[in-house]
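Me: Please take a close look at one part of this model, the sheet, and go through it in a single connected answer. Add whatever is needed on the surroundings and on confidence, with the cut-offs stated.

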Amino acid sequence: MYDKWISNHPKIQDDFRSLYEGRIASDIVIKTASASYPAHKTVLCTSSLIFKDILLNVLSYKSTDFFEIEHLEDYTVSKMLFFLHTDSLEDVQWDTAK
């Protein structure tokens with residue numbers, strides 16, 4: 001009975017991709033030296049132990065509506081955030097990822 005309804009429902013990865021690409025309900029901005037990327041704390045915490053530690057322990061004493069990553073290239077940060085939100089590595093240019 002429910003199999004047909006469930007099979008026609010989008011995958012959760014598609015839902016998270018839509019949230020990320022549409023910048024819907026983002027609650028943190030990841031900043032590089034020259035760009036800003038809206039993201040979602042819940043997704044970052046569940047997808048990355050590093051982000052979880054940073055958001056829940058390191059930055060817990062102050063406002064965490066933004067986080068700076070200045071030592072990585074914009075391309076790398078954008079692809080990393082895309083991966084953390086979608087579990088997908090679409091169109092990654094490995095030779096330029098730094």
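Reply:
**The sheet and its surroundings**

Of the contacts in the protein chain with a separation of 6 or more, 50% are between residues 24 or more positions apart; contact means heavy atoms within 4.5 Å. The model is predicted, so local features need pLDDT of at least 70 and side-chain atom pairs count only at pLDDT 80 or more, while totals for chains, interfaces and linings use all residues. Residues are numbered from 1 along each chain as its sequence is written, and side-chain values use heavy atoms, with hydrogens and water left out.

On confidence, pLDDT is the predictor's own score for each residue, from 0 to 100. The protein chain has a mean of 83, and 83% of its residues reach 70 or more. The highest value in the chain belongs to a member of the sheet, β2, at 95, and the lowest to helix α1 (residues 2-7), at a mean of 55.

The protein chain holds 5 helices and 3 strands. Both are DSSP runs numbered from the N terminus: helices are H or I over at least four residues, strands E over at least two. Read from the N terminus, the elements come in the order α-α-β-β-α-α-β-α.

The sheet itself is open, made of 3 strands in the order β2-β1-β3, with mixed pairing. Two strands are taken to pair if DSSP finds at least two bridges between them. The edge positions belong to β2 (36-39) and β3 (66-68); each has a single partner strand, so one side of each has no neighbour in the sheet. From one strand to the next the twist averages 25 degrees. For this and other angles, axes are lines fitted to C-alpha atoms, for helices over the stretch in contact, and angles run from 0 to 180 degrees between N-to-C directions.

As for the individual pairs, β1 and β2 run antiparallel and are joined by 4 bridges. These two strands form a hairpin, with 4 residues between them. The partnership of β1 (residues 28-31) with β3 is in the parallel sense, over 3 bridges. V29 stands opposite P38 in β2, and V29 also stands opposite F66 in β3. In general, strands of a sheet pair through backbone hydrogen bonds, either parallel or antiparallel.

Two helices can be placed relative to the strands. Helix α5 (residues 74-86) lies across β1 and β2, and runs at about 10 degrees to β2. Helix α4 (residues 49-58) has F51, I54 and L55 as its buried residues, where buried means under 20% relative accessible area, exposed over 50% and partly exposed in between (1.4 Å probe, protein chains only). Seen down the axis of α4, these buried residues fall within an arc of 85 degrees, so they line one face of the helix; the arc is that of the directions from the helix axis to the C-beta atoms. The buried residues of α4 pack against β1, α3 (41-47), β3 and α5. Across the whole chain, 29% of the 98 residues count as buried.

The approach to the sheet is the loop between α2 and β1, which contains I24. I24 is partly exposed, at a relative accessible area of 41%. Apart from neighbours within four places in sequence, I24 is in contact with S18, L19 and H40. Its C-alpha atom is 8.8 Å from that of A39, 15 residues away along the chain. R23 lies in the same loop, between α2 and β1, and has phi near 55 degrees, a positive value in a residue other than glycine. R23 counts as exposed, at 54% relative accessibility.

Before that loop comes a charged pair. The count of salt bridges is 1, a salt bridge being a side-chain nitrogen of Lys or Arg within 4 Å of a carboxyl oxygen of Asp or Glu. E21 forms a salt bridge with R17, and the closest N and O atoms are 3.2 Å apart. Both residues sit in helix α2 (residues 12-21), 4 residues apart, or about one helical turn. E21 is partly exposed, at 48%, and R17 is partly exposed too, at 25%.
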